[in-house]
Amino acid sequence: MASLKGPGEREAYDGTGLRIAIVHARWNTTIIDALVSGAYNSLISSGVSKDNIVIQSVPGSYELPIAVQNIYRASHVQAAASSTTGDIAATDLLSSSTSDLTQQATTRTTAASTAPFDAVIAIGVLIKGETMHFEYIADAVSHGLMKVQLDAGVPVVFGLLTLLTEEQGLERAGLGSGKKHNHGEDWGHAAVELALKRKGWA
Ligand code: DLZ
């Protein structure tokens, strides 16, 4: 019998013309590397140009919310600077009402874009230790990422694994002995779908 879990049937979304950032923590590198590759490869297979994918790392998962906010904000500054009419004040960049105004009309080409990111994928791997550290970080990062996406009005895909064991992480990164499913691929597809729906392209 097919598994009841998972994202279900999904349409094949065309990510041509989208610009997407992947921000990942470096803790638990083996698992992280596989998840980032999975996300990257699914963006490429959806038609996102490699020139329009930016990957940035931070030390640990706790840094993900501020890094996502910064990379998204910086992409608006870059877009405004390269636009002949882009004169929106930097202080307005995270206001949802003005973030749409600074959104450049992205053309659906594979050319490298300087438009603001259409979605950000945040990837981290937290493995529970002997103290309460795990609980505090997992909670803070989850709420932080949700706050950034709602404040900025941009999809932030939740690629934070909160694990009890390393083996659970290997399984979810497609490196275990089980069914070899890499959750990073789901996150790439989610980013494309959400970005397209936000633009009204799907
Ligand atoms: C300190 C720490 C610990 C113990 N465990 C993890 C982990 O499993 N996964 C992860 O991404 N980061 C971990 N960190 C680092 C914190 O996220 C953070 O980088 C530091 O506390 C500095 O702010």
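This tour visits helix H6 and the neighbours that surround it, H1 among them.

The structure is a predicted model, in which local features need pLDDT of at least 70 and side-chain atom pairs count only at pLDDT 80 or more, while totals for chains, interfaces and linings use all residues. Residues are numbered from 1 along each chain as its sequence is written.

Begin by selecting residues 183-199, helix H6; helices here are DSSP runs (H or I, at least four residues) and strands are runs of E (at least two), numbered from the N terminus. The 17 residues of H6 reach 25 Å from the first C-alpha to the last, close to the 24 Å expected at 1.5 Å a residue (1.5 Å times one less than the number of residues).

Next, colour H6 by burial: 12 of its 17 residues are buried (20 or more other C-beta atoms, placed from the backbone, within 10 Å of the residue's own). Among them are Trp187, His189 and Leu196. The buried residues pack against strands E1 (20-25), E3 (119-127) and E4 (156-163), and against helices H1 and H5 (166-172), with contact meaning C-beta atoms, placed from the backbone, within 7 Å.

Now add residues 29-45, helix H1, which packs with H6 at about 40 degrees with the axes 7 Å apart. H1 is therefore oblique to H6 (neither under 35 degrees, nor over 145, nor 65 to 115). Contact residues to display include Ala34, Gly38 and Leu43 of H1 and Gly184, Trp187 and Ala191 of H6.

Finally, select Gly200, which follows H6 and has a positive phi, near 80 degrees.

Definitions and conventions:
Axes fitted to C-alpha atoms, helices over the stretch in contact; angles between N-to-C directions. Contact = placed C-beta atoms within 7 Å.
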